[in-house]
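Here are a few exercises to work through with the viewer open. Try each task yourself before reading its solution.

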Amino acid sequence: MKLTYKFKNSEAEIGSIDKKEYLDPEKVYIYLKNGDRIKLEDGDKVKENELVRVSYNNRKTYSPISGTCHVTDNCVEITNDHKKNETKEKESLKSFDDIDRNKFMKLLHDVGDSVNNHELADYFEDNYKLILVNGCDIEPYQFNIRAIIKDHAEEICETVGLISKIFNVDVDFVLTSSDPNLKKVSSEADRYNGVKVTSLNEGFPYTLDSLLKDKLYPQYSDKDVLILDPLDIYKIYKALKYQLPVTERYVTVSYADKDRVYVVKTKYGVSLKEILSDILPDDPSNHYIYLNNFMRKTICTNLDLMVVADQVRAVFIVDNKGIDPIDCIKCGKCVQICPIDINPMASPLSGDCIRCGLCNFVCPSNINLLEENKKEHV
Amino acid sequence: MKKDFFSNNKILFKINLLYLIALIPIIIFSYLKNGLAVYQAHKISFFGSLQYLCIPILIVILVYCLEILWFVYIKKDKDFDDVINSSVPLICCLCYLVSGPRDSLFITVPLIVVTMFITKFLKKVSINQVALFNVVLYGILYALGLANNANFLEASQATNYSLMQSFIGYGVGAIGVTSGLLGIIGYIILLFNPYYKKSIPLYCIIFYFVIAGTMAVFKADVTITDVLVGMFNNGIIFASVFVAALSIYSPMMSSGKLAYGMLFGLIAGILVAIGLGGVSPYIAILFASIVTPLLDRIK
């Protein structure tokens, strides 16, 4: 029998999750890459939602706060002036009724918000048989996706309804069965044709995009299905309705302790160190800081350089005592739990590995089986 | 939510502790069988009878002390984690229990200490050290003409025991290994260890029984009952539960575990048939552990 570890990601399992807002940071950082065009100069004043950067592939980045810019070769640093009303205003659309495909694409292009380093509008150039909205918190003990849904369920459902209508495609909104938003999303989605809500009983790793698609829709190839998450949908909503980007982000901050789990609503580009120093009483340097999937053991070595971005979903602060790797006891649990049936002890690791980290999680010897230096312990 | 996101290093200590707990009924049984019964027959003093209870405990304490010496004073480790996690005290305790003929402690105890240091150098080699210990010990005892596995009761009474009596633990064999019942109780306790390879003892016992039973069919004077009695007296159950399933020396893959059980059954079955008795399962385990890396490659 296949060994599985069911991460329910249920709030009941945790106890309570504190919601925190960190929307008025001291500074935000927008990192620059080759080919980026900066729309400001050093010392300029900038308003919230004002364009800062356009990338080589037309992705646009807006200032999440109002303040003063300091431009260097690889970064735009914006120091907050804490003026709440310094916001770039845009006209809002009263309803989605008169939006057709062309207008949809134009509005998305104009705002230029992005997903995975591509402009959002690019994703809608192709034809799909299905759009899958992955509303599950992807990795264990993350609660940020459900926080987005909780805050914006109506807007998200309205947007997927619009997408389904103008692109004539089925939309499946998938949530885990333990998600408290399930009922609300189901009733909202009922109002739109072509949108259905699926409750997923399985937990991680089936919440990963690729495994989720293969589990629910094995009949479709990868190019037939567009997978988006609720934040992407909310970005579309905001672009269509207000012609504005979404500068807020949600990050789960957990102290690897059921009594200290936070979902922090903050701004794009805020330093993680600033967030952590504000909400956590202990000095983070006494701990390992893991990003996103704690089981993958990706240690964040330089917290000063880490800022909130789309790829930053969770921060886990783990006490660095007593979790050093020791020699493998050959218990074979890593082999048993691997969802794709490879041997995690093999070196080098098979190219099929999805790096879910379950092997690390079950390892009693605390060996990081995803790393090259595991050889000394295996 | 799992309180600690990662196993802390105490998990290995807990695994070792569970092994020791599973061994406690056998330690008590060995005392009753080899100590108390002999004392009641007025063959040894009461204090002499206690050796079977005290020596396993003293060996564990002694070897933990040696581990502290090794890790803290020789390897200069800053904390006691390696000492706490060490499986050597457990292995040594097992070695004593599975082998300990009552008159050969002058060989057994030094050999346990030697085993401990061999452990340090054979860390990366898949040789089951408990099995190796036993094969070497039996070899030495045979060479010195001291091989006498008979416990006092069996040796003095030379009774033919029924199947049920053999299952409970009456029978000729080394200390503590003759009880099928206690082996099964130990197995149930070990099932609480999530890292225990529970299928290996089952495969070993089943394949041994199949091989020994098949051989019995071709022998006119051997019945299935004799095969079962032999299984209890030769320590097959004990060796399968406590020695064969030691995780570091046995396969991880499902097919490898099956092949390991088949190999064990085949070798042990043949060796018992040719009269090697109590050392048979250890030779089988020793050989199977050496080929474990190959068995893990079986798809």
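**Exercise 1: a five-stranded sheet**

Task: find the pairing sense of strands β15 and β16 of chain A, then place both in their sheet.

Solution. Start with β15 (residues 248-254) and β16 (residues 261-267) of chain A, which pair in the antiparallel sense over 7 bridges. Helices (H or I, at least four residues) and strands (E, at least two) are DSSP runs numbered from the N terminus, and two strands pair if DSSP finds at least two bridges between them. As a checkpoint, A:V253 stands opposite A:Y262 in β16(A).

Next, widen the view: the open sheet has 5 strands in the order β1-β16-β15-β18-β17 (chain A), with mixed pairing. Its edge strands, β1 (18-22) and β17 (287-291) of chain A, each pair on one side only. From one strand to the next, the twist averages 25°.

A word on the source: this is a predicted model, in which local features need pLDDT of at least 70 and side-chain atom pairs count only at pLDDT 80 or more, while totals for chains, interfaces and linings use all residues. Residues are numbered from 1 along each chain as its sequence is written, chains are lettered from A and ligands numbered from 1 in the order in which they are written, and side-chain values use heavy atoms, leaving out hydrogens and water.

**Exercise 2: a four-stranded sheet**

Task: which strands of the sheet β2-β8-β7-β4 (chain A) stand at the edges?

Solution. This open sheet of 4 strands has antiparallel pairing. β2 (27-31) and β4 (45-46) of chain A each have a single partner strand, so one side of each is left without a neighbour in the sheet. For β2(A), 5 bridges join it to β8 (residues 75-80) of chain A, and A:V28 stands opposite A:I78 in β8(A).

**Exercise 3: a helix pair**

Task: how do α1(B) and α3(B) run relative to each other?

Solution. Helix α1 (residues 10-40) and helix α3 (residues 51-74) of chain B pack at about 150°, with axes 7 Å apart. Axes are lines fitted to C-alpha atoms, for helices over the stretch in contact, and angles run from 0 to 180 degrees between N-to-C directions. The two helices are therefore roughly antiparallel (an angle over 145 degrees). Among the residues making the contact (heavy atoms within 4.5 Å) are B:F13 and B:L20 of α1(B) and B:Y52 and B:L53 of α3(B).

Definitions and conventions:
Angles under 35 degrees count as roughly parallel, over 145 as roughly antiparallel, 65 to 115 as roughly perpendicular and the rest as oblique.
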